[in-house]
Amino acid sequence: MVTLTDKGVYLLNGKEIATDTKGLPTPDEARENTITYSILRSHDVEGGKGDKMKIKFDAMMSHDITYVGIIQTARASGLEKFPIPYAMTNCHNSLCAVGGTINEDDHVFGLSAAKKYGGIYVPANQAVIHQYAREAMVKCGNMILGSDSHTRYGSLGNMGVGEGGGELVKQLLSNTWDINKPEVVLVWLEGAPRKGVGPHDVAISLVKAVFDNGFVKNKVLEFAGPGVKNLPIDFRNGIDIMTTETTCLSSIWVTDEEVKHHYEIHGRPEDYKELQPGDVAYYDGMITIDLSKQESMIALPFHPSNAYTIHELQADPERILREVEEDARKRFGDKISVDLVSKVKDGKVMADQGIIAGCSGGTYDNLAEAASILKGQSVGNDYFTISAYPQSVPVYMATTRDGVAEELLEAGVVIKPAFCGPCFGAGDVPANNGLSIRHTTRNFPNREGSKPGNGQISLVALMDARSIAATAANGGVITAATDVEYTNDHKPYDFDKKIYERRVYNGFEKENLDEELRYGPNIKDWPKMYPMEENMLLELAAVIHDPVTTTDELIPSGETSSYRSNPLKLSEFALSRRVPEYVGLSKRIQQEDLERREGKCPANVEEVLAKVGAKAADTSIGSCVFANRPGDGSAREQAASCQKVLGGDANICYEYATKRYRSNCINWGILPFTIDKETPFNYESGDYVFVPGIRKAILEGKEEAMAKVITKDGVHDIKLHFSNLTPTERQILADGCLMNYYAAQKK
């Protein structure tokens, strides 16, 4: 179904792959003829066809666990007004049951900021962030930057990029997003999906094919081929939003009459234009997807790439589920007891819960298909439960007008307002050892609200809304939607803009600088952060050898959402589910550095420095995290900022899982060190790494340094790399963080 071509290909006239490349332009020349490069080059402020790009975006998106920190950082850095449309949605932090008034205080702050600086404010439960972008912000040929990793609108002709808050701050201050020119991978779609196959089935198959091998890491996916015309817009959107899980940089699709219709029904026909590759376009690889061969899929814990066809799971359930149990034991040891095999009853796998939600699941088409499968059925009154979250009020209104909501409700589905909570553990958290099947974006450990450190875990499997509905109709027995008969006679989605006109505050270019920002007691400024000193002494506060460390492990979601505007309180949760002792160790290290700065360097630190002939006066002391491959998942900058608030100075790893996490580290003054793949890292928490002359090396453009690891057994050499840093990034690191960098520019 999915075939990878690990070599360059030429696409001719957007229709056929060249079999003879004689006489064709060079790869560098023909890559410029991709849709990707036509958009990137038009947004590159330096123009030309260089290897470096400095991008300015057309619009930005944030939600309510990121926009407060972004605005606070931008204010401290000299923000005057929002220079481009900036939409702030309230879809992540809209449950106000934790921490008193905290969440709603953030919302009031957001509206006051929109009024003061000229922003767009979408009230709570009106829309999830990415659906609002699809319905109101996208334009063909444009680029949107979002402080959410699933910022993907390529199926509508708009390149979306998810980054940490620091990159949005740069855009608010009229600076640029700096990247090396990316490789582009062609995703060639053929055929048409069968009834019962949905976008999540295709997306899960795509992620399975490319995640582990890094086939598309930091590359742009460009979708084309004869199969595109066979996919409705919601189907395309559902695939596109999941490209984030491949670790690609962004995505873009060819546009056609289906996309044109999207802009017409949304009252913005002028924002459509045809996007097609040039006559001869070069791609650095190709993924071929035969939609006609796609089967109903399930991605088992703990990643969207851990995927099987539902038929494969049905054929050998005990073996497959035991593999998940073994994976859980490797991750969590004896902290938890996972019993998935008990879900097998009479040879069939039983789910405990079904969820259809968020930017990927709560589309009109998904809900209409699910309702058609459940029409006249009952989910029963046993342990299995199911909830659905339409992704915007316009979608919700359409489901009520066309009978979709009625059919879902009559079957026993609970319909809830637009909210992203089930994606990150703030809504519909399943019972301990529960198996939840979800049409949401991720099923990482901890995403659904588990707390393994407290002995509590539930398990999420990703499935398409159609198969979730088929499972619900079958009493919770996991069932492929391709195995059930149903007819969907619901009308196509018809967007009604009235609710946005009545409820959304659109203040772009209407800034009022006299407007007072409204603060709640939980909205705090960033603590003081220090510039880099000549030498750096790092104490390892967390050493993690898991294959991948996600941002959910670096800073958990769910229960932390109420504290995203309070850096000190939020930092108390850093690595709490993975390395519970990290916070205490980091605080002790931070206190030692404060004592050093006061001229009272602790004796234990003096002893370590003496072993490498260094002086406390010009050597900072900071904590450090080692992980094999950190940063997969969310764009949330707090995965890095919490380390900095606790005195973190560096990460050491073999590679960073995503560009966005590495960028977050840089913007918060955390040195993104890497080591060679063949270098063993057999060190433990409490060991030290001394990096001499690091400030000079950073500012002089060096890309590696010889460091010393100080352990109980002696002093050992280690080579640290810090390559591919722009001059601006080097200065940010030297200044200690992005805010310090901007403050220094004002002097």
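# Exercises on a predicted model

Ile204 lies in helix 7, which spans residues 199-210. The structure is a predicted model, and the exercises below take up single residues, helices, a cavity and the backbone in turn.

## Exercise 1. Two isoleucines

Determine whether Ile204 is buried or exposed, and which residues it contacts beyond its sequence neighbours.

Step one is the accessibility: Ile204 has a relative accessible area of 0%, and because buried means under 20%, it counts as buried. Step two is the list of partners, from which neighbours within four places in sequence are left aside: Ile204 is in contact with Met297, Ala299, Pro304, Ala307, Leu462 and Met463. Step three is a distance, namely that Ile204 and Asn306, which are 102 residues apart in sequence, have C-alpha atoms 8.8 Å apart in space.

Now carry out the corresponding steps for Ile287, and state in which strand it is found.

Ile287 belongs to strand 15, residues 285-290. Its relative accessible area is 0%, so Ile287 is buried. Not counting residues up to four places away in sequence, Ile287 touches a set of residues that includes Val2, Thr3 and Leu4, together with Val185, Leu186, Val187 and Trp188. Phe215 is another of the residues that Ile287 touches, and the C-alpha atoms of these two are 9.6 Å apart although 72 residues separate them in sequence.

## Exercise 2. Leu554

Establish where Leu554 is found and which residues it contacts.

Leu554 is found in helix 19, residues 551-554. With a relative accessible area of 3%, Leu554 falls under the 20% cut-off and is therefore buried. Leaving aside neighbours within four places in sequence, its contacts are Thr549, Ala574, Leu575, Gly631, Ala639, Gln643 and Tyr661. As a further distance, the C-alpha atoms of Leu554 and His716 are separated by 28 Å, with their positions 162 residues apart along the chain.

## Exercise 3. Helix 6 against helix 24

Describe how helix 6 and helix 24 pack, and which residues make the contact.

Two packed helices are described by the angle between their axes and the distance between the axes. Helix 6 (residues 165-172) and helix 24 pack at an angle of about 70 degrees, and their axes are 8 Å apart. Because angles of 65 to 115 degrees count as roughly perpendicular, helix 6 is roughly perpendicular to helix 24. On the side of helix 6 the contact is made by Gly165, Gly166, Glu167 and Lys170, and on the side of helix 24 by Ser663, Asn664 and Asn667. Sorted by class, this contact has no nonpolar residues, 5 polar and 2 charged.

How many residues of helix 6 are buried?

Of the 8 residues of helix 6, 8 are buried; among them are Glu167 and Lys170, which also take part in the contact with helix 24. Helix 6 is followed by Ser174, whose phi is positive, near 65 degrees.

For a second helix, examine the burial of helix 13.

Helix 13, residues 364-374, is mostly covered, with 10 of its 11 residues buried, including Tyr364, Glu369 and Leu374. After helix 13 comes Gly376, with a positive phi near 75 degrees.

## Exercise 4. The second largest cavity

State the volume of the second largest cavity and characterise its lining.

The model has 4 cavities of 30 Å³ or more, and the second largest has a volume of about 80 Å³. Its lining is made up of Arg152, Val161, Gly162, Glu163, Asn218, Thr247, Cys248, Leu249, Ala657, Thr658, Lys659 and Arg660. Strand 9 (159-162) and helix 24 (659-667) each supply at least two of these residues. By class, the lining divides into 4 nonpolar, 4 polar and 4 charged residues.

## Exercise 5. Backbone exceptions

Find where Asn433 and Glu509 are placed, and decide for each whether it is buried or exposed.

Most residues other than glycine have a negative phi, and most peptide bonds are trans. Asn433 has a positive phi near 65 degrees and is found in the loop between helix 16 (421-424) and strand 23 (435-439). Its relative accessible area is 15%, so Asn433 is buried. Glu509 likewise has a positive phi, of about 65 degrees, and is found in the loop between strand 25 (505-506) and strand 26 (535-544). Its relative accessibility is 63%, and because exposed means over 50%, Glu509 counts as exposed.

Which residues does a cis peptide bond join?

The bond joins Pro301 and Phe302, with omega about 15 degrees, and Phe302 has its place in the loop between strand 16 (297-299) and strand 17 (307-309).

Notes: Residues numbered from 1 in each chain as written. Predicted model: local features only at pLDDT ≥ 70, side-chain atom pairs only at ≥ 80, totals over all residues. Heavy atoms only, no water. Helix = DSSP H or I, 4+ residues; strand = E, 2+ residues; numbered from the N terminus. Buried < 20%, exposed > 50% of the residue type's maximum accessible area, 1.4 Å probe, protein only. Contact = heavy atoms within 4.5 Å. 1 Å grid on protein atoms, 1.4 Å probe; cavity = no way out; pocket = protein on both sides within 12 Å on 5 of 7 lines; lining within 4 Å. Points joined across faces, edges and corners; volume = space filled by probe spheres on them. Nonpolar A, V, L, I, M, F, W, Y, C, P; charged D, E, K, R; others polar. Axes fitted to C-alpha atoms, helices over the stretch in contact; angles between N-to-C directions. Parallel < 35°, antiparallel > 145°, perpendicular 65-115°, else oblique.
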